[in-house]
Amino acid sequence: MTLDTTTTPPAAADGAGRGERARTARPVQPAAGALRGAGLGEVTLDGGFWGTLQDRNAAATLQHCADWMERLGWIENFDRVAAGTTGPDRPGWQFSDSEVYKLLEALAWEHGRTGDPAADALFEALVDRVLPAEDPDGYLNTCYGHPGRAERYTDLSAGHELYCSGHLVQAAVARLRTTGEDRLTALGRRVADHVVREFGPDGRDGVCGHPEIEVALAELARATGDDRYRVQAELFVERRGHGTLDPIALLGPAYFQDDVPVRETEAWHGHAVRALYLAAGAVDVAVDGGDDELLEALEGQWRHSVERRTYITGGMGSRHQDEGFGDDWELPPDRAYCETCAGIASNMVSWRLYLATGRVEYVDLIERTSYNVLATSPSADGTAFFYANPLQQRVAGGDVLPDAVNARAEGGVRAPWFDVSCCPTNVARTLASWHTTAAAVDGDRTGVLLQYATGDVRLTLRAGELHLRVTTSYPDDGDVRVAVVAAPEGSALRLRVPSWAGGAELTLPGTGTREVAPGWVDVDALAGGDELLLRLPVQPRATWPDPRIDAVRGTVAVERGPLVLCLESTDLPEGVALDDVRVDPGQGLRDHGDGALVRARADAAPPSGSGLPPFGARPAVVRPGAAFDLPLVPYHRWAERGAATMRVFLPTS
Ligand SMILES: [Zn+2]
C-alpha cells in the first residue's frame, strides 16, 4: 500500500485557512495556574530563525518521515495486523508504532498552525492505516498480542507498549484541540480507556519501562475533562521507583528511574529521555493535583541537574552506554550524548515548570536548548538529523550512509533516518508547535514575550486582543522592535531579558532609554501605536566552564547571544590541527557574521614551569607561531559544510 493523500477533502477552516478552534490550541494546558502558553494562531512567525525552521519542517520533514516509515514497513505493520498477516518477521523495533503517532501529532499541530490541507490529507491517510489495527477491546500495538508475536504486557521493561499508547494519546489530544472530535480522538480515548482498565487501581501493578504514558494521560484529562486519566497518570508516577521493572541486560532500575520514587529523587539520572518524560508527566500530575510537595521536589531536581549535569548547549546525557545522565560534573564534550530527544524532553519539563511557577530561569533554559540542541538536529533542507549532539568531534564524519538507515549519527554527519528513529518525528512535532512557547498570558491583562522572533503576536486577554508586531533579526542581531498594534484598556506587557544579556536596554515611548537587568521587565499602560525597542547585547562573549568539570578545565567557550559557537576544522588555516589550537579570548572577540573571530595560535606545548616529564606523544607544535584570527560558527550549523572535526570548548594558551 502507499499513502494516497489525494482523495480526502480538507477540514473546515476559517479565513486564515486554519480552524477557529485551533487558534488557541496548544500542547500543554494545565488545569490550574495563572499562566497559559500562546495558542497556535496567537503567534504567527514570518521568516526569521524559527519561522524558517517551521516552514522547512512543513515543506520537507513531515513527508520525509512518512516516506521513510512507509519504506521500512513501519506503517504497513498496521495493515498486516488488520489483515491478520503479521508474524515473527515484523520489521522495526517494538516501539516503531510510536514514530507513526508522533508524525500524526506533528501533522495535527501543523494543520492547526497553518490550515495546510496537505498536512490534513497526510494525517487522514495515516489514520486510514492505523485505525483497522485496533483490537476489539481498545488495545492497539503492532508488536504484541498477535499470532507469532509475544503476548501483551509480558515485557513491561522493554516492550514500550504503554509508551506507544502514550504517543497515540498525545496525537489524539493534538487533534482534539485543533480540529475537534473525530475517529482518531475516539481511538485515543479507547486506547486510554484500555490502559485505565488494565493498569488502574484494581489492575496490574506495573509501569512502563519508558515513561510517556504519564504526560499523555495527564494532558488527555485536561483535553477531555475526564479525571480518570489524571488519576491513572498519578498512579503511574507514584508506582515508579519501587523496583518492579526487570533489568534489561546490564541496565538496572536506575536506568528506568525505578530505583527511587519521583518525589524522593534529588537529581535526574539514568536514561535521559526517560527521566525527562517522567519529570514532565510528574509536573502535570503535581500541578493538576495541587501537590506542592511533588512540584517542589521537581523544581529541586531541575536546579540540581541543570547546574551540574547539563552541557552549555542545554544538552543532557553524558554517557553513551545507557544514553544517560552522568554524575555531577561528569560532562565530557567528546563523549556527550545529548540526544536530540533529551533536549526536546528538557524543554517539555521547563515549559511546564514555567507555567506552574512563572520563573524566568525555565524560559532561559528553553532558549538555550532550542537554539543549540533542537535547531542543531535537522539539516538545512530538513531531511537529515543528528541523533547525538556531542560538543567535540575528534574524527570527521564517515560513518553515515546517505539514503540508508543509520545507527545514531555519532560521526558528525546528519543522517536521513535511524535504526532507532525517535529524533526526526520528535523534531517534527516540536517545531510544528514551537511558537506556542514564544509567548504567554499571565492572568487577565498581561501578555508575556518569552522568545524573540519576527512575527505577529495576538494574545486574547480578558478585555480584548493585545496585538503586537515583533520585528527582529534575532539572534543575528539583538534589536527587538515591538510595535503595539492594538492594546485593550489596562493591558500590560512583560518581556524576558535573557540571563546572559547584562547591559540590555529598553526604550519606551515618552520615557526614553533605560538599562534593564536579566529577568522580567514589565511595561504598563500600553496603547495602540506605542513602539518599544529592546536592545539585547549579542556580541560574542567568553564563557568559562565550572572548574569542577574536569573534562573542560583550561578551556573556554564562546557564545553570541543565545548561540553557542564552535570551531570547525573547515575553518583552520593550512597546516594547523584542531588539537593544536590555543585561543586567547583576552585579545578580544569580534563579531563575524552570526559567529565570532577569536585570536589563536597553534601551540601544543605542555604548560611551562612544572619541571615534570611529559606523558604521551611529543607535541606536534612546540613553539607557537604568529597569532591568527579564527572564525567560530554557530554550533547549530556545524557540519553543514561537510564532515569536519569540531570543538565547542577551546583550550586557552
Ligand atoms: Zn531520539
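## Close-up views of a predicted model

**View 1. A272 and the residues around it.** Leaving aside residues up to four places away in sequence, A272 touches M316, G317, E323, G324, F325 and A342. The structure shown here is a predicted model. If you are looking for A272 along the chain, go to helix α9, which covers residues 272-288. Is A272 buried or exposed? A272 is buried, with a relative accessible area of 1%. Another residue to find from here is F256: A272 and F256 are 16 residues apart in sequence, and their C-alpha atoms are 9.4 Å apart in space.

**View 2. Helix α9 beside helix α11.** Stay with α9 and bring in helix α11, made of residues 340-357. The two helices pack at an angle of about 20°, and their axes are 8 Å apart. Angles under 35 degrees count as roughly parallel, so α9 and α11 are roughly parallel to each other. The crossing of α9 past α11 is left-handed. On the α9 side, the contact is made by A272, V273, L276, Y277, A279, A280, V283, D284 and V287. They meet C341, A342, A345, S346, M348, V349, R352, L353 and A356 in α11. Sorted by class, this contact has 15 nonpolar, 1 polar and 2 charged residues. A272 and A342 will be familiar from the first view, where A342 is one of the residues that A272 touches.

**View 3. Helix α8 against helix α9.** Helix α9 also packs with helix α8, residues 227-239, and here the axes come within 10 Å and cross at roughly 125°. That angle makes α8 oblique to α9. As α8 passes α9, the crossing is left-handed. Which residues of the two helices meet? From α8 come R230, A233, E234 and V237, and from α9 come G281, A282, V285 and D288. The residues of this contact divide into 4 nonpolar, 1 polar and 3 charged.

**View 4. Helices α3 and α4 packed together.** This view moves to another part of the chain, with helix α3 at residues 96-114 and helix α4 at residues 117-130. How far apart are the axes of α3 and α4? They are 9 Å apart, and the helices pack at an angle of about 150°. Angles over 145 degrees count as roughly antiparallel, so that is how α3 and α4 lie to each other. In passing α4, α3 makes a left-handed crossing. The α3 residues in the contact are V100, Y101, L103, L104, L107, A108, E110 and H111. Their partners in α4 are A119, D120, L122, F123, L126, V127 and V130. The class count for this contact is 12 nonpolar, 1 polar and 2 charged residues.

**View 5. Cysteines C338 and C566.** How many disulfides does the model contain? The count comes to 0. A disulfide would need a pair of cysteine sulfur atoms within 2.5 Å. For C338, the closest cysteine sulfur belongs to C423 and is 12 Å away, which is too far for a bond. For C566, the closest cysteine sulfur is that of C338, and at 14 Å it is also too far. Both of these cysteines can be described by their accessibility too: C338 is buried, with a relative accessible area of 0%, and C566 counts as buried at 1%.

Methods
Residues numbered from 1 in each chain as written. Predicted model: local features only at pLDDT ≥ 70, side-chain atom pairs only at ≥ 80, totals over all residues. Heavy atoms only, no water. Buried < 20%, exposed > 50% of the residue type's maximum accessible area, 1.4 Å probe, protein only. Axes fitted to C-alpha atoms, helices over the stretch in contact; angles between N-to-C directions. Helix = DSSP H or I, 4+ residues; strand = E, 2+ residues; numbered from the N terminus. Parallel < 35°, antiparallel > 145°, perpendicular 65-115°, else oblique. Left-handed = near helix turned anticlockwise from the far one by under 90°. Contact = heavy atoms within 4.5 Å. Nonpolar A, V, L, I, M, F, W, Y, C, P; charged D, E, K, R; others polar.
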